[in-house]
Amino acid sequence: MEYLNLDDSIKLSKNILIISHVNPDGDTLGSMVAMRDLIYKQYKKKPEMMLISKIPKMYEFLNELKDAKHFSQFDNSMVYDMVILVDVAALDRICDAQIFYEKAKIKVAIDHHKTNNYDANIKFVKGEASSTGEVIYEIAQNHGWSIDDKIAEALYTAILTDTGGFRFDNTSALTLKIASKLVEAGAKPQWIYKNCYEMKSKNFIMFQAYCLNKAGFAENDKIAYITVYKKDLEKFASEDDLTEGLVEKLRSMDSTEVAFLLKEIDNKMFKVSMRSKNIDVAEVTAVFNGGGHKFAAGCVLKYSADECVKKLLTEIKKQDL
Ligand SMILES: [Mn+2]
């Protein structure tokens with residue numbers, strides 16, 4: 001594919017669309033807003049922003065997201081000069097919105113997933129970056145684009161959430177340097193932290209307490225697990241993703257080596273999220289056609305809850321706990 005330069009391409013494009021991924025997180029949303037504002041400020045063109053699913057409540061503090069529209073509000077026959085995907089690891093992460101990407105005259109991908117391998121005319125993929133927000137910061141620097149306080153806030157949110165609050169092993173010296181530059185540009189760490197991590201509903205806290213109370217343990221508490229049924233989720237009805245962070249809570253226990261969460265999707269069908277401190281849980285979930293990383297992996301099992309737990313425990317015990 002012919003090499004294109006981002007600056008010239010933006011200048012040539014009359015209409016630009018930025019697409020975030022399904023089940024959006026802080027990185028894809030912060031990156032989308034930042035990219036929109038960077039282009040708007042620098043080129044006086046206002047890209048449109050597309051959501052594939054609802055914005056989690058915790059990210060509504062990013063005011064610019066009010067301009068984002070859901071996929072269903074777009075005219076499918078529309079052809080954009082430029083379509084930019086942010087934090088989209090694979091094209092199935094934008095679901096039916098792929099048609100907009102396929103038709104685009106200039107396709108741009110900005111991402112930090114090492115496995116990113118779809119076609120684009122312009123690609124900024126940095127596997128070693130903590131987040132797409134970090135990649136966008138570098139694009140802005142390299143192009144001499146200015147970063148105002150709103151852009152800084154969006155990029156800081158992207159980096160903060162993808163590094164789990166600067167705790168995960170993707171937090172590099174560069175990540176912290178960029179975060180520092182963003183604070184200088186006007187991002188307020190305490191305010192952003194409060195919005196991302198301290199705005200849970202009462203139902204959310206009570207649901208998590210309820211789940212932790214009925215956690216199961218095996219192998220001298222080296223394995224900890226929770227089963228969440230549809231009826232539980234309905235009972236605590238909430239707009240929040242009630243299971244968010246739950247499996248990490250179990251992992252944080254000193255004795256835990258492997259933690260997993262079984263979430264009922266349908267009768268005899270469970271989505272498994274597995275975390276570990278040392279062992280490779282991607283190897284465990286691969287047995288059940290799942291995928292993921294060494295310390296965080298998942299799969300779907302089609303058995304009763306008891307059978308799922310039994311099968312998973314058997315596989316986990318094969319590892320060197
Ligand atoms: Mn990301």
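These are my notebook entries on a predicted model.

**Overall form**

I began with the whole chain. Its secondary structure comes to 12 helices and 12 strands. I then looked up the radius of gyration: it is 21 Å, close to the 20 Å that the globule rule gives for 321 residues, so the chain is as compact as a globular protein of that length. Along the principal axes, I found that the C-alpha trace spans about 60 × 40 × 40 Å.

Next I checked burial, and 38% of the 321 residues count as buried. I also looked at how far apart in sequence the contacting residues are. Among contacts with a separation of 6 or more, 63% join residues 24 or more positions apart.

**Domains**

I turned to the domain assignment, which gives domain 1 as 6-197 and domain 2 as 202-317. Taken over C-alpha atoms, the centres of domain 1 and domain 2 are 30 Å apart.

**Cores**

Which residues touch the most other members of the largest nonpolar core? I found Ile18, Val83, Ile84 and Leu155 in that role, in a core of 56 residues. Helix H5, residues 149-162, gives the most to this core, with 8 residues. Another core lies apart from it; this one has 29 residues, and Phe207, Tyr225, Val284 and Ala297 are among them. I jotted down a general reminder here: in soluble globular proteins, nonpolar side chains tend to be buried together.

I then followed Ile18 and set aside its neighbours within four places in sequence. Ile18 is in contact with Met32, Met35, Arg36, Pro47, Met49, Met50, Ile84 and Val86. Ile84 thus turns up twice in my notes, as a contact of Ile18 and as one of the residues that touch the most other members of the largest core.

**Strands E8, E9 and E10**

My last stop was strand E9, residues 258-266, which pairs with strand E8, residues 223-228. In which sense do E8 and E9 pair, parallel or antiparallel? I read the pairing as parallel, over 6 bridges. Tyr225 has Phe260 in E9 as its bridge partner, and I had already met Tyr225 in the core of 29 residues.

On to E10, residues 269-276: E9 and E10 run antiparallel and are joined by 8 bridges. Asp266 has Met269 in E10 as its bridge partner. E9 and E10 form a hairpin with 2 residues between them. In the turn, I noted that Lys268 has a positive phi of about 55°.

Conventions. Residues numbered from 1 in each chain as written. Predicted model: local features only at pLDDT ≥ 70, side-chain atom pairs only at ≥ 80, totals over all residues. Core = buried A, V, L, I, M, F, W, Y, C linked by C-beta atoms within 7 Å. Buried ≥ 20, exposed ≤ 12 C-beta atoms within 10 Å, placed from the backbone. Helix = DSSP H or I, 4+ residues; strand = E, 2+ residues; numbered from the N terminus. Contact = placed C-beta atoms within 7 Å. Domains from an automatic or database assignment. Pairing = 2+ DSSP bridges. Rg over C-alpha atoms; globule rule 2.2 N^0.38 Å.
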